[in-house]
Every structure is written in C-alpha cells, then in structure tokens.
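I opened the model to work through a few strand pairings and see what packs around them. My notes follow in the order in which I looked things up.

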Amino acid sequence: MPGSTASSSPPAAPAPSPADAAPAAPAAAEPDVLSRSEPVTLEIPAIGLTTGLIKLGLRDNGSLEVPEDKGNGAPASWYNGSPTPGERGPSVVLGHVNALGGHKGVFADLRQLRPGSDIIVLRADGSSAVFSMDHAAQYSKDGFPTLEVYGNTPGSELRLVTCDGYDPSTGRFNDNYVIYAKLKT
Amino acid sequence: MNKTLRFLAVPTLALGALALSGSPALAADHSYQSTLGQINGSSASGTVTVDVTGNQAHAVLKVSGLAATFMDAPYPHVQHIHGGAQGACPAPSADKDGDGVISTTEGAPGYGGIVTTLSTSGDTSPAAGLDLKVAGQGASYTVDRTFEVNAETKAALEAGTAVVVVHGLDPATLSAAGQAAKSDLVPSLPLAATSPALCGTLKAGQMTMPVGGAETGITAGTAGPDAGALALGGGLVLAAAVGGAYVVRRRSARSAA
C-alpha cells in the first residue's frame with residue numbers, strides 16, 4: 001500500500017546521458033549534470049521503495065501542492081517548477097509520511113536512510129539519475145529555511161520532503177523532514 | 001466516482017475559484033537569490049530573495065548576528081542593492097589603506113554604487129542610502145518590501161552584477177586604526193558605522209521558489225475514518241475544498257500526459 005506501485009519495472013539499464021558532453025572543460029567548479037528530462041519513477045533500494053512520481057505545482061498562496069490521498073495512499077510528486085532530477089539545481093520531490101486510515105505514507109521510512117544511500121530517479125528519456133544521500137534535516141514548518149532547501153546549487157541535487165513532528169494534541173505535523181542528496185558523477 | 005461527481009455538484013463559483021488556486025499564478029517573471037557572507041569579520045549571516053514581476057520588485061532580506069547596539073540604541077544598518085560593476089564581493093585584499101577594514105569605497109570596484117536602498121519604509125532610491133532612520137535595526141531582522149524597480153537595478157539583476165550589501169560593524173571588533181578612522185561616506189560617523197558587514201551577489205534562481213515547507217502529513221482531521229462522511233455530510237467549504245483538489249489533480253494529470 002505504501003508507495004502505490006507505479007510503472008512496475010523500468011526500462012533496463014538506461015544509459016545516463018551526460019548533458020554537456022561536448023564542452024568538457026568549461027569554467028571550473030560546475031559539476032557535470034544531465035540534460036532536462038521529467039521524472040517518472042523514484043527508487044530507494046535501502047528501504048525497498050518504488051513509487052511513481054506525479055507532477056504538481058504551487059498553490060495560489062505559493063506553497064507546494066501535495067499529492068492527494070484518495071484512500072489508497074498517494075504516490076510521491078515532483079514539483080514541476082524545480083529542475084528535473086539530474087539537471088543543475090535542487091529537484092524537489094514530496095511524499096506523505098502517513099496515509100488515510102492510519103496507513104504508512106510513501107515516505108514513511110525516509111528516516112531510515114543514511115548518508116551514502118542511493119536514490120534513483122528514472123526519467124522520461126529512459127535515462128536514470130542516481131543520487132547519493134548527503135544529509136538530512138528536520139525543520140519547523142514555521143521556520144522553514146526556504147533558501148537552504150530550494151536555493152541554487154552548483155551541481156544536480158535532490159530534496160526529498162516529508163512530514164515529521166506529529167503533535168497528538170492537534171493531530172498535525174509541525175515539522176518537515178528533508179533529505180539532501182547529490183547526483184553521483 | 002460517485003463521490004467525485006457529488007463533489008463536482010458544488011456551486012460553480014466556489015469550484016472555479018479553487019481550480020484557479022492550483023496554478024502558479026503569482027509566479028514572478030524573474031527570481032533572484034543570494035546567501036550573504038560576512039565581510040570584515042562581522043560573523044553575521046543572511047539571505048535575500050528578489051522577485052521581479054513587471055516593474056515591481058519584492059525583496060525579502062533576513063539577517064542575523066549583526067552588531068546589535070550603537071550608543072545604547074538599536075544599531076542602524078544601512079543596506080542596498082549595489083550594481084554596475086563586477087558583481088563581486090570584496091576579498092580581504094580590497095583593504096587598500098591597510099587599516100584592517102574594507103570600507104564601502106574600497107569594496108566599490110567589486111560591487112559598484114547603490115542602485116536601490118533596501119530601506120525599512122518609504123524611499124527605496126539611492127537617495128535614501130544613508131538615511132539611518134530607515135536602516136535595518138539591531139542584530140537580527142527581516143525587511144520585506146515591494147517597490148517599483150528602477151532601470152539601473154533591473155539591468156544589474158539581469159546582468160548578474162547586482163550585489164546586496166548590509167553595512168555597519170561593531171567598532172570593538174576593529175583594529176585600533178580602524179576604530180580611530182572616520183567613515184569614508186559620512187565623516188561625522190566612525191568608519192565602523194558604514195563599512196560592509198554582509199555581502200552577496202544576486203543570482204537567478206534555479207526554480208520558482210515555493211513558500212515554506214510542504215503539507216506532507218495527512219492530519220487527523222482528514223485522515224480520520226469519518227472524513228468521508230463529513231465531506232458528504234455537506235459542509236460546503238469542506239466539499240468545495242475536496243472538489244477543488246480533484247480539479248487540480250485532473251489538470252496536472254492532463255498536462256503531464
């Protein structure tokens with residue numbers, strides 16, 4: 001139920017396509033990235049997760065739209081205003097921590113991830129972007145550091161965002177838990 | 001599907017309004033950002049975002065760790081967008097007179113002159129650049145302003161040469177020579193008062209930045225077993241909300257295909 005099984009098995013061994021293969025030595029310090037291609041599936045082997053990725057934008061108030069749980073769990077989503085996974089910049093992926101009826105959400109087990117864990121995004125062009133977890137952080141929703149999470153990055157990075165800080169007295173989640181990962185090159 | 005149809009029977013007006021809310025309607029034409037770094041050992045930190053929509057700029061500057069007080073009052077920190085030069089913050093070598101302090105003038109070859117004053121109220125033109133009454137106050141604060149962006153600032157943003165500089169150092173952290181020196185800008189003030197404390201070059205954002213975090217937890221109110229019954233029970237607002245979410249999702253799915 002968690003991670004509503006999306007497109008089951010990806011095309012085998014997609015070849016990573018180095019975007020700017022030609023100009024091998026542009027100004028230093030700009031890590032190689034992939035060309036733009038929208039994400040299709042997210043895989044995190046360490047926690048046995050495979051989920052489809054839907055595409056969502058922003059609400060009228062500028063905050064992120066989140067996947068709708070219609071009773072059988074919701075897949076994760078990619079924020080379509082952020083770079084595609086593998087492009088330069090931080091690509092933002094959201095998933096619920098829980099689900100209707102007290103079930104686990106697609107990102108319920110993110111806390112088990114440790115630095116170095118692989119996070120694989122299969123993309124529409126058949127390539128895959130393989131990220132390595134760097135670190136994680138928990139932020140109060142009241143003091144969410146938008147620039148730290150969504151700000152520019154020199155290379156291709158990934159942000160996995162879910163909820164934490166459940167408050168039994170209100171039934172609300174007061175915090176966000178964010179995994180920071182970088183494209184393996 | 002039955003449920004869905006019932007939700008869609010909600011008055012058209014409410015649905016229309018909510019359907020609109022799914023798109024990034026307020027997205028700026030251009031978004032710029034910078035993480036500010038300390039200058040002159042101020043040990044301060046900060047961030048700034050500037051969103052430009054048409055001729056309007058929305059700037060949000062957040063700083064902390066600046067000098068807190070000056071003559072028993074909150075320390076006034078004048079702060080600006082500079083432009084028209086290299087779009088660079090000064091390196092320690094910019095201290096040409098060797099007094100251990102990079103003055104505003106010494107930093108200018110890198111960041112240029114003032115193109116916008118990030119004042120706390122009123123005038124945002126360069127003319128307000130040294131007005132202490134509309135300077136940032138104290139060690140930590142946020143300035144959130146929307147103003148008409150002038151041509152110089154717009155050009156600097158687009159050229160990548162716009163640099164945010166927050167001025168004002170704690171005199172006690174300066175060398176003896178620095179403490180004795182007068183400001184290069186306002187001779188009646190000490191050098192510390194107008195010298196740069198924070199600096200950062202505004203760069204085009206790699207995304208349209210969302211506001212805040214994400215509601216990625218199903219709250220008890222909607223996750224409870226009664227949620228469905230409640231919605232069907234007719235609270236117009238709740239029903240409309242669910243309907244709106246449905247419309248949005250449909251649209252997303254369509255555009256994805």
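Entry 1, a pairing in chain B. I began at Thr49(B), which stands opposite Val60(B) in β3(B). I note here that the model is a predicted one. The strands concerned are β2(B) and β3(B), the latter spanning residues 56-64, and I find them antiparallel over 9 bridges. They make a hairpin with 2 residues between them. In that turn I read a positive phi of about 60° for Gly54(B).

I then looked at what else Thr49(B) faces. Its bridge partner is Gln33(B). β1(B) and β2(B) are also antiparallel, over 7 bridges. Their hairpin has 6 residues between the strands, and within the hairpin Asn40(B) has a positive phi near 60°.

Entry 2, the surroundings of Val60(B). I looked up Thr142(B), a residue of strand β10(B), which covers residues 141-148. Although Thr142(B) and Val60(B) are 82 residues apart along the chain, I get 7.0 Å between their C-alpha atoms. Setting aside neighbours within four places in sequence, I list Val60(B), Leu61(B) and Lys62(B) as the contacts of Thr142(B). Is Thr142(B) buried or exposed? It counts as partly exposed, because it has 13 C-beta neighbours inside 10 Å.

Entry 3, helix α4(B). This helix takes in residues 151-159 of chain B, and in it I find Thr153(B), Ala156(B) and Leu157(B) buried. Do they line one face of the helix, or opposite faces? Viewed down the axis of α4(B), the buried residues fall within an arc of 100°, so they line one face. On the other side I find Ala151(B) and Ala159(B) exposed.

Next I asked which strands the buried residues of α4(B) pack against. They are β1 (30-38), β2 (45-53), β7 (79-83) and β8 (113-117) of chain B. The list includes both β1(B) and β2(B), the antiparallel pair of Entry 1. Just after the helix, Gly160(B) has a positive phi of about 75°.

Entry 4, chain A overall. I count 1 helix and 8 strands, in the order β-β-β-β-β-β-α-β-β along the sequence. Of the 185 residues in chain A, 45% are buried. Among contacts in chain A with a separation of 6 or more, 63% are between residues 24 or more positions apart.

The strands form a closed barrel of 8, which I trace as β1-β2-β3-β4-β7-β8-β6-β5 in chain A, with mixed pairing. From one strand to the next the twist averages 35°. I checked a parallel case: β4(A), residues 89-94, and β7(A), residues 156-167, are joined by 6 bridges. In this pair Val92(A) stands opposite Arg159(A).

Entry 5, nonpolar cores. The largest has 45 residues, and those with the most contacts inside it are Ala76(A), Val93(A), Leu94(A), Phe107(A), Leu160(A) and Val178(A). Strand β8(A), residues 172-183, gives the largest share of this core, with 6 residues. Apart from it I find another core, of 39 residues, including Ala57(B), Ala162(B), Val165(B) and Ala193(B).

I took Leu94(A) for a closer look. Not counting residues up to four places away in sequence, Leu94(A) touches residues of chain A, among them Ala76(A), Tyr79(A) and Val161(A), and also Ala214(B) and Thr216(B).

Entry 6, Thr146(A). I place this residue in helix α1(A), residues 146-150. Why does Thr146(A) count as partly exposed? I find 18 other C-beta atoms within 10 Å of Thr146(A), and a buried residue needs 20 or more. Beyond four places in sequence, Thr146(A) is in contact with Met209(B) and Gly212(B). Between the C-alpha atoms of Thr146(A) and Glu30(A), 116 residues apart along the chain, I get 23 Å.

Entry 7, confidence in chain A. The mean pLDDT is 85, and 84% of the residues score at least 70. Of the elements in this chain, β7(A) has the lowest mean, 91, and β5(A), residues 118-123, the highest, 98. Residues 1-27 of chain A are below 50. I note that this stretch still has 45 contacts in the model beyond near neighbours in sequence.

Notes. Residues are numbered from 1 along each chain as its sequence is written. Chains are lettered from A and ligands numbered from 1 in the order in which they are written. This is a predicted model: local features need pLDDT of at least 70, side-chain atom pairs count only at pLDDT 80 or more; totals for chains, interfaces and linings use all residues. A residue is buried if 20 or more other C-beta atoms lie within 10 Å of its own, exposed if 12 or fewer, and partly exposed in between; C-beta atoms are placed from the backbone. The arc is that of the directions from the helix axis to the C-beta atoms. Two residues are in contact if their C-beta atoms, placed from the backbone, lie within 7 Å. Two strands pair if DSSP finds at least two bridges between them. Axes are lines fitted to C-alpha atoms, for helices over the stretch in contact, and angles run from 0 to 180 degrees between N-to-C directions. A nonpolar core is a set of buried Ala, Val, Leu, Ile, Met, Phe, Trp, Tyr and Cys residues joined through C-beta atoms within 7 Å. pLDDT is the predictor's confidence in each residue, from 0 to 100.
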